[in-house]
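Reader: Could you take me through one part of this protein in some detail? I would love a close look at its largest nonpolar core and what surrounds it.

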Amino acid sequence: MSALADLQRLEAITRAKYDQQQQSFQRIQAEEARLRAELARLDDMLKTSEAAAEGQGEMRAIGADILWQGWVARSKTALNIKLAQVLAIKEQQLHQVRQAFGKLQVVEQLIAETRSVTRKKMGQSQLELAMAIALSKGRPSQ
């Protein structure tokens with residue numbers, strides 16, 4: 001096999017690995033967005049309930065507002081823990097995506113350089129052949 005064919009096979013493998021890393025990173029970004037949206041929804045619910053509770057003395061009398069706020073706080077804590085875990089994974093995956101992209105760029109550069117060298121060699125050999133033909137035609141027959 002030629003070096004170019006080997007590099008092209010390596011490029012296909014490297015590209016597949018890069019695509020896989022990118023998809024994994026996109027999934028973790030989607031999970032981060034979902035968690036952030038859920039946290040924002042809880043914040044909105046808490047603000048809405050606090051505004052509504054100001055005029056309702058009954059809920060306070062039975063402690064429902066305190067239970068509600070406790071549930072919201074526990075839910076937010078759990079979501080923030082999950083978000084922290086997702087952000088840690090995201091950081092790792094970002095490093096892996098960058099590394100896979102760098103490898104892909106290197107392989108693409110090697111392919112370009114190999115093609116360039118091959119073209120130069122082919123051009124040089126064609127030039128040498130043309131010169132040899134021209135010289136053989138220019139010689140007197142003996």
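Author: Happily! Twelve residues form the largest nonpolar core: Y18, F25, I28, L35, L39, L42, L79, L83, V86, V97, A100 and L104. Such a core is a set of buried Ala, Val, Leu, Ile, Met, Phe, Trp, Tyr and Cys residues joined through side-chain atoms within 4.5 Å; buried means under 20% relative accessible area, exposed over 50%, and partly exposed in between, using a 1.4 Å probe and protein chains only. Helix 1 (3–53) and helix 3 (64–138) are the elements giving two or more residues to this core, helices being DSSP runs of H or I with at least four residues, numbered from the N terminus.

This is a predicted model, where local features need pLDDT (the predictor's confidence in each residue, from 0 to 100) of at least 70, side-chain atom pairs count only at 80 or more, and totals for chains, interfaces and linings use all residues. Residues are numbered from 1 along each chain as its sequence is written, and side-chain values use heavy atoms, without hydrogens and water.

Now follow L104: leaving aside residues up to four places away in sequence, L104 has contacts (heavy atoms within 4.5 Å) with E11, T14, R15 and Y18. Two of these partners, E11 and R15, form a salt bridge at 3.4 Å, N to O, that is, a side-chain nitrogen of Lys or Arg within 4 Å of a carboxyl oxygen of Asp or Glu. A salt-bridge network links E11, R15 and E108. R15 counts as partly exposed because its relative accessibility is 33%.

Another salt bridge joins K76 and D43 at 2.5 Å, N to O. That pair connects distant parts of the chain, with K76 in helix 3 and D43 in helix 1, 33 residues apart.
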